[in-house]
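Biologist: Could you take me through one part of this model slowly, the place where the two chains meet? I'm new to this, so plain words please, and follow the trail into the rest of the structure if it helps.

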Amino acid sequence: MKMSGAEIIIKSLEKHGIETVAGIPGGAALPLGTNRAPAL
Amino acid sequence: MARSTGRPAVCIATSGPGATNLITAIADAKLDSIPLVAITCQVPLSLIGTDAFQEVDMYGLTLSITKHSILAKTTEDLPMIINDAFRIAQSGRPGPVVVDVPKDILSRIIEIEALPEPAEICNYSDHSKLPAKICSAIAERINSAKRPVLYAGGGIIASSAFDELKTLAEKNSIPVAVTLMGLGSFPCDSGLYLGMVGMHGNHSTNIIFDNADLIICIGSRFNDRTTGAAVQFGKKADIIHIDIDPSEINKIKKTFISLASDARSAMEKIIPMIEENSREEWLETCKEKRARYDKKHHSISAHPESVIRAVSAAADKDAIITTDVGQHQMWVARNYPFKTGRNFLTSGGLGTMGFGLPAAIGAAIANPEKQVICFSGDGSILMNVQELATLADLKLNVKIILLNNGQLGLVRQQQELFYNKNYIATTFITAPDFPEIAKAFNITGFGIDSTAPNSMTIEQCMKVHGPVLINVPVQEEYNVYPMVPPGESNIVMMKGEETEKSEPLKKAVS
Ligand SMILES: Cc1cc2nc3c(=O)[nH]c(=O)nc-3n(C[C@H](O)[C@H](O)[C@H](O)COP(=O)(O)OP(=O)(O)OC[C@H]3O[C@@H](n4cnc5c(N)ncnc54)[C@H](O)[C@@H]3O)c2cc1C
Ligand SMILES: Cc1ncc(C[n+]2csc(CCOP(=O)(O)OP(=O)(O)O)c2C)c(N)n1
């Protein structure tokens, strides 16, 4: 399957049982949003 | 979240200021051994090292405040890196791990077969592998002790060794004292419970440690707030130290016997070799010390100690308590009846003001069925007051009890006692109206006024559904007592007006 780095992180967190994260959004973190971002 | 469940929690921040805003929280997790995975985003790989927009070197910045820091360099590495981060955060002594991920690594799409299953955690729980000789030497020393005390710390909670600690203490009738981080590891209603040891511990407990011939430290690290002047701490005692982290052993106090082990496994192995003993004489001595040295509870109902006891009476029995840092934290530690582990969440090692409200939010998310009570001070709450917005958004069952003395009280207390009452930067000249602040965030805010005839009681305010802030005025002169002056031996405790030295042990216990 094809996955972005951001998707890998989120799916991996789910595999570790994580349902909630606390966070501070911003430019560099934008790809972590659910929609696949275009490559830079 | 992690403190209330024992499982790792995750926070994510954008690069630069987002990431540096996590630094205090990461350091907090490090000093309290809390499993945390902090994911920070980074400028694209090609821009690292160029002072790019919002670039800070999080890998370098966090090396000394994490168990491990990782900079991801390829997208292909990410599955393994996340797995490693969780494994390291939870294995052995828990702690924070930072994963710094450049933006292009986040965005790049790769072909991947499947994500790996979570890696196995190494928690050293197999006691059959513990050295038999050392375990039996520990048991023998405990059996032969005349005046033993158990000194239980945060490691009991990390290890969930509550039953084992109780069994060990009861089988051999050993009184148990706890550190701030160990509160809740032993039930406070047990006859063997001595309460907290150290700077703001019970006077009697510090005296009992001074009289002990054996101190059995399990899952604690002889922090200076616990030991006072470390050379004087337990000077008549042999020390047994059980800790999962070998680097803690002999770091502060030289031990008689030590064992690098998980607390629960060590006790499981040792308990069968422990003899039953009723230790009437030693327990009687401890009881006498308690009656003699510990002050009775305050009778003034507006005193924070009384307020905290009123809150505990009105609270759910399994409520989770968080605190900020300051006098209110010590009053809670000394007065709230903690019976089980992971119900008291406080910033012990770093002493981070601003901890209480976000910790309460995390605890409420992780434990939706439980009531969460956050005791805060007027200084501390302002350090993360924006989190009232999160609390309002999530409508969590968090009751904030604001012990409002118009002061940065704990610092004011030190200025009063040790710096000639030279009060600098500790008084709020313009006192904010906290119930109004709460209301501005759409949170119910109450002000308790014990002088007004129709003022609501704390019990009534706590019954209100959803998030509530209750402002409780506290007289600014109230200090936390007893107290060991910084750097002094624990037996030199200030009780209030007078500094009293303990008398030598009158009757030697055989
Ligand atoms: C204002 C203020 C006042 C304070 N006053 C006091 C005071 O009067 N008395 C006091 O005691 N503290 C006080 N503290 C807290 C103090 O700063 C330390 O945080 C605290 O003493 C540390 O407690 P600890 O060593 O038990 O636990 P931690 O710091 O939580 O250390 C845990 C230990 O257990 C070990 N461990 C972890 N997991 C396991 C496991 N599975 N098995 C075995 N071992 C394990 C770790 O390696 C570590 O050595 C105060 C803090 C503040 C902010
Ligand atoms: C982030 C941070 N800054 C400074 C300190 C030093 N400090 C310790 S206690 C304290 C005062 C706390 O005041 P408040 O929250 O009002 O609680 P009180 O002591 O009055 O109960 C300060 C400034 C700290 N622990 N954390």
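Modeller: Sure! One thing up front: this is a predicted model, so treat everything below as computed from that prediction.

Let's start with chain A. It has 1 helix and 2 strands, and going from the N terminus they come in the order β-α-β. Chain A has 40 residues, and 35% of them count as buried. About 2300 Å² of chain A is exposed, with carbon and sulfur atoms supplying 59% of that area.

Now for the meeting place itself. Chain A brings 31 residues to the contact, and chain B brings 39 residues. How much area do chain B and chain A bury between them? The figure is about 3000 Å², and 71% of it sits on carbon and sulfur atoms. In case you wonder about that way of putting it, the size of an interface is often given as the accessible area lost when the parts come together.

On the chain B side, which residues lose the most area to chain A? They are B:Ile12, B:Leu106 and B:Leu115, and together they make up 21% of what that side buries.

Next, the charged and polar links. Side chains of opposite charge can pair when their charged atoms come close. Between chain B and chain A there are 2 salt bridges. One of them joins the side chains of A:Lys15 and B:Glu117, at 2.6 Å from N to O. There are also 16 residue pairs in polar contact across this interface.

Where in chain B do the touching residues come from? The elements that each give two or more residues to this side are strand E1 (9-13), strand E2 (36-42), helix H5 (78-90), helix H6 (103-107) and strand E5 (109-111). Sorted by type, the residues of the chain B side that touches chain A are 25 nonpolar, 8 polar and 6 charged.

Some of those elements lead us on into chain B. Over all chains, the whole structure holds 19 salt bridges. One is between the side chains of B:Glu76 and B:Arg108, 2.8 Å from N to O. B:Glu76 is in the loop between strand E3 (68-71) and H5, while B:Arg108 is in the loop between H6 and E5, so this pair ties together parts of chain B that are 32 residues apart in sequence. Are these two buried or exposed? Somewhere in the middle: B:Glu76 is partly exposed at 43% relative accessibility, and B:Arg108 is partly exposed too, at 37%.

H5 turns up again in another pair. B:Asp245 and B:Arg93 form a salt bridge whose closest N and O atoms are 2.9 Å apart. B:Arg93 lies in the loop between H5 and strand E4 (96-102), and B:Asp245 lies in the loop between strand E10 (238-243) and strand E11 (257-260), so the pair links parts of chain B that are 152 residues apart in sequence. B:Asp245 counts as buried because its relative accessibility is 17%, and the cut-off for buried is under 20%. B:Arg93, at 23%, is partly exposed.

For a salt bridge inside a single helix, look at B:Lys439 and B:Glu436, with their closest N and O atoms 3.6 Å apart. They are 3 residues apart in helix H20 (residues 434-440) of chain B, which means about one helical turn separates them. B:Lys439 is partly exposed at 43% relative accessibility, and B:Glu436 is partly exposed with a relative accessible area of 43%. Going back to the earlier pair, salt bridges with shared partners join B:Arg93, B:Asp245, B:Glu248 and B:Lys251 into one network.

Two last stops in chain B. B:Thr205 sits in helix H10 (residues 203-211) and is buried, with a relative accessible area of 0%. Setting aside neighbours within four places in sequence, B:Thr205 is in contact with B:Ala177, B:Leu194, B:Gly195, B:Met196 and B:Val197.

B:Leu382 belongs to helix H17 (residues 378-383), and at 32% relative accessibility B:Leu382 is partly exposed. With neighbours within four places again left out, B:Leu382 is in contact with B:Phe428, B:Pro432 and B:Phe434. B:Leu382 and B:Leu469 are 87 residues apart in sequence, and 13 Å lies between their C-alpha atoms in space.

Notes. Residues numbered from 1 in each chain as written. Chains lettered and ligands numbered in written order. Predicted model: local features only at pLDDT ≥ 70, side-chain atom pairs only at ≥ 80, totals over all residues. Heavy atoms only, no water. Helix = DSSP H or I, 4+ residues; strand = E, 2+ residues; numbered from the N terminus. Buried < 20%, exposed > 50% of the residue type's maximum accessible area, 1.4 Å probe, protein only. Areas by Shrake-Rupley, 256 points an atom, 1.4 Å probe, with all protein chains shown as cover. Contact = heavy atoms within 4.5 Å. Buried area = accessible area lost by both parts, 1.4 Å probe. Salt bridge = Lys/Arg side-chain N within 4 Å of Asp/Glu carboxyl O. Polar contact = N/O pair within 3.5 Å; in protein donor to acceptor, adjacent residues only side chain to side chain. Nonpolar A, V, L, I, M, F, W, Y, C, P; charged D, E, K, R; others polar.
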